[in-house]
Amino acid sequence: MDQPHTGARLTGRAFPLLRALMALAAVNLTGCSSVVLDPKGPVGAAETTILYNALAIMLVIVVPTIVATLVVAWWFRASNKRATYRPEWVFSGRIELVVWSIPLMVILLLSGVIWTGSHALDPAQPLRSTAKPLEVEVVSLDWKWLFIYPAQGIATVNDLVVPAGTPVHFRLTSASVMSAFFVPQLGSMIYTMNGMATQLNLMADHPGTFDGRSSHYNGDGFSGMHFTLHAVTPEQFAGWAASAGQGTTVLDAAAYRQLARQSLDNKPFVYARAAPGLFDDIVRQKLPPAPGPPPGPRTPPAEDNRHAG
């Protein structure tokens, strides 16, 4: 059953006009609609509210400055004989008070928003929900994403399926260089690093398909390091997990070493069984880091779709 934004840890509503202006600005600047301004989960919605609030606070300086510039230019135009010309003027305490007090207040307000948001949107803090969180272990490879479902005993590459309305607790690491896990419409980008595990809690409010990516440049295959997040109903997720577990492919240490080799534009595929504790072995480097590029002349890695299907 779909859950409302019960997991949002930062509340607030942006004015409709301000929301429309930001969306219009995003369209004009990027040439397409911004998915960040179209959140589909409680964390993304809270982060969008922070963007709107920060914009509104900064407009307190921007708008009066623009208006004052136009007024001064109009009043001190050459044809205005009523304007007083004061070439010896150098200081006004009242003007200094206004010029410095407004930026100070803006800084205080922005600091409050940032401090509150940083604590309320702690990636490791569980989301409030009546549903039991789904555990997913994430490994960033060169250049693909590995998702392990420890409770279901399966794993996928470049394809993430989660139940809508259910919090998802991610544990993330990297098998190679540093990357960044990001599903813009759900919120909270987080880095993955070799030998270190980070945590992230996200939730999709409703069924849908969302784009995921690596938002940190990590080598030749960066542009193709995407994945798709499918938020489905809990019943559909249970059926998908049962169907995925009926295959014959196994993700064990040997299969992982083969998968960790550099490859480009990998198609999504499923491992019917994943060895228990594989993620912890990667974090603790019992399984060594990815081998990286082979020695010799630099050549682009070939596509690796041998496990497709």
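Biologist: Which residues form one aromatic cluster with W145?

Modeller: This is a predicted model. One aromatic cluster in it takes in W145 together with four further members, all of them Phe. Those partners of W145 are F147, F170, F181 and F227.

Biologist: How far apart in the chain are F147 and F227, and how are their rings arranged?

Modeller: F147 belongs to strand β2 and F227 to strand β10, so the pair links distant parts of the chain, 80 residues apart. The ring centres of F147 and F227 lie 5.1 Å from one another, with 65° between the planes. Planes over 60 degrees apart count as edge-to-face; the arrangement of F147 and F227 is therefore edge-to-face.

Biologist: Is F147 buried or exposed, and what of F227?

Modeller: The limit for a buried residue is under 20% relative accessible area. F147 has a value of 0%, and F227 has 2%. Both therefore fall under that limit: F147 is buried, and F227 is buried.

Biologist: Why is the pair of W74 and W75 tilted?

Modeller: Across the model, the count comes to 11 aromatic pairs. In the pair of W74 and W75, the ring centres are 6.1 Å apart. Stacked requires planes under 30 degrees apart and edge-to-face over 60. The pair is tilted because its planes stand at 45°.

Biologist: Which residue has its charged end over the ring of W74?

Modeller: W75, the pair partner of W74, is partly exposed, with a relative accessible area of 29%. Over the ring of W74 itself sits a charged end, 4.6 Å from the ring centre. That charged end belongs to R77.

Biologist: Which residues does L160 touch, leaving aside those up to four places away in sequence?

Modeller: The largest nonpolar core has 38 residues, and L160 is among those that touch the most other members, as are V136 and L229. Elements that each supply at least two residues of this core include α2, β1, β4 and α4. With residues up to four places away not counted, L160 touches V136, F147, Y149, F170, F181, F227, T228, L229 and H230.

Biologist: Where around the axis of α4 do its buried residues lie?

Modeller: The buried residues in α4 are F237, W240, A241 and A244. They cover an arc of only 95° around the axis, so they lie on the same side of α4.

Biologist: What covers the buried residues of α4?

Modeller: The helix α4 spans residues 234–244 and supplies at least two residues of the largest core. The cover over its buried residues includes strands β1, β2, β3, β4, β10 and β12.

Terms used:
Residues numbered from 1 in each chain as written. Predicted model: local features only at pLDDT ≥ 70, side-chain atom pairs only at ≥ 80, totals over all residues. Heavy atoms only, no water. Core = buried A, V, L, I, M, F, W, Y, C linked by side-chain atoms within 4.5 Å. Buried < 20%, exposed > 50% of the residue type's maximum accessible area, 1.4 Å probe, protein only. Helix = DSSP H or I, 4+ residues; strand = E, 2+ residues; numbered from the N terminus. Contact = heavy atoms within 4.5 Å. Phe/Tyr/Trp six-rings, centres within 6.5 Å; stacked < 30°, edge-to-face > 60°. Lys NZ or Arg CZ within 6 Å of the ring centre and 35° of its normal. Arc of directions from axis to C-beta.
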